[in-house]
Amino acid sequence: MIELVTTAVMVLAGAVTVFALGCFSLAGSRPRALDRAVVVLEGGLVLRAMLGVGAIVSGQHAFPGGTHVAYLVTSVAILPVALGTLVDDQTRWSAAVLAVTCLAVLVVALRLQMTWDGHA
Amino acid sequence: MPDPTAGRGGATAKGSAESPTASGAFPLGPHRVLIALYALFTLAAGARSSVQLAQNAGVAPVAYGLSAAAACTYAAGWYAIARAARGRTALASVLLWVELTGVLVVGTLSLVEPDWFPDASVWSDYGIGYGFVPVALPIGGLLWLRWQIRRTRPAVIDDLRLEHDQPPG
């Protein structure tokens, strides 16, 4: 289940990255649809984090280590921080910032799965 | 006497991509992407070096120490670019060259003297572990800085001219 959610989050992060790059290339300003897509991605990340914490607390999965916890916190915090800095910025460059952030989320989600499986 | 900082801010408002925010707190524009990247790399390099130094400091002290130095450089670069966006470009022009030199020296040493790097640092192989972003980042920063200096220079000259033309008293 948790692997499925992580994969879905990675696919979604990739899609939002491409969408944000498209907004940067084409649009004059950042569309609201991009913000909504980022919120949906954040929802997926929160769901992934809750499933992970639930599995550890219930004893279904061994504690994966401090590195995993660091990636878990980063995965949930990074998008709200990025959106928070862009509240008064609707320029196309704010879409570029979101593209960079979503790409980072994709990498963090990948590392999250690797540390969960014990490969890193 | 006009405030030079205010004058530069005024020049900032002329650029379409560089209009100040509604609150006037922070100018907008391409540097925000650089700031986001510097913030991410401060976090990534800082966390990486902290974990490595805390758990296996003896395995590759040079590489881990260089990763910590890279984290400090990114934090300083983050601050310097934020300053440069407001027209104070001197610190950024020094720090970005220091960063680029660091990436090139460490990247070259990691290829020429691999024994010195039993484990990779952030700048090993010119940042191959991070998709070569570590080497692209200071180059992008320097290109932006060149553009920023050209853009703000007329405003500084205007400020000095105003200051010179103003009658004493």
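What follows is a short back-and-forth about a predicted model.

Me: What makes the span of α1 in chain A close to what is expected?
Reply: The expected span is 1.5 Å times one less than the number of residues. Helix α1 of chain A, residues 2-26, has 25 residues and reaches 36 Å from first C-alpha to last, so it sits close to the expected 36 Å.

Me: Why are Val9(A) and Phe24(A) called buried?
Reply: Because a residue counts as buried once 20 or more other C-beta atoms lie within 10 Å of its own. Val9(A) and Phe24(A) are on the buried list of α1(A), along with residues including Thr6(A), Leu12(A), Val16(A) and Cys23(A), so they pass that cut-off.

Me: And what covers the buried residues of α1(A)?
Reply: The cover includes α2 (32-57) and α4 (92-117) of chain A.

Me: Over to chain B: what is its pattern along the sequence?
Reply: It reads α-α-α-α-α, with five helices and zero strands. Of its 169 residues, 37% count as buried.

Me: How do you know which residues of chain A touch chain B?
Reply: Two residues are in contact if their C-beta atoms lie within 7 Å. By that test, 13 residues of chain A are in contact with 14 of chain B. On the chain A side, α3 (66-85) and α4 each supply at least two residues, and α4(A) gives the most, with seven.

Me: How many residues on that side of chain A are nonpolar?
Reply: Seven are nonpolar, next to four polar and two charged.

How values were computed:
Residues are numbered from 1 along each chain as its sequence is written. Chains are lettered from A and ligands numbered from 1 in the order in which they are written. This is a predicted model: local features need pLDDT of at least 70, side-chain atom pairs count only at pLDDT 80 or more; totals for chains, interfaces and linings use all residues. Helices (H or I, at least four residues) and strands (E, at least two) are DSSP runs, numbered from the N terminus. A residue is buried if 20 or more other C-beta atoms lie within 10 Å of its own, exposed if 12 or fewer, and partly exposed in between; C-beta atoms are placed from the backbone. Ala, Val, Leu, Ile, Met, Phe, Trp, Tyr, Cys and Pro count as nonpolar, Asp, Glu, Lys and Arg as charged, and the others, Gly among them, as polar.
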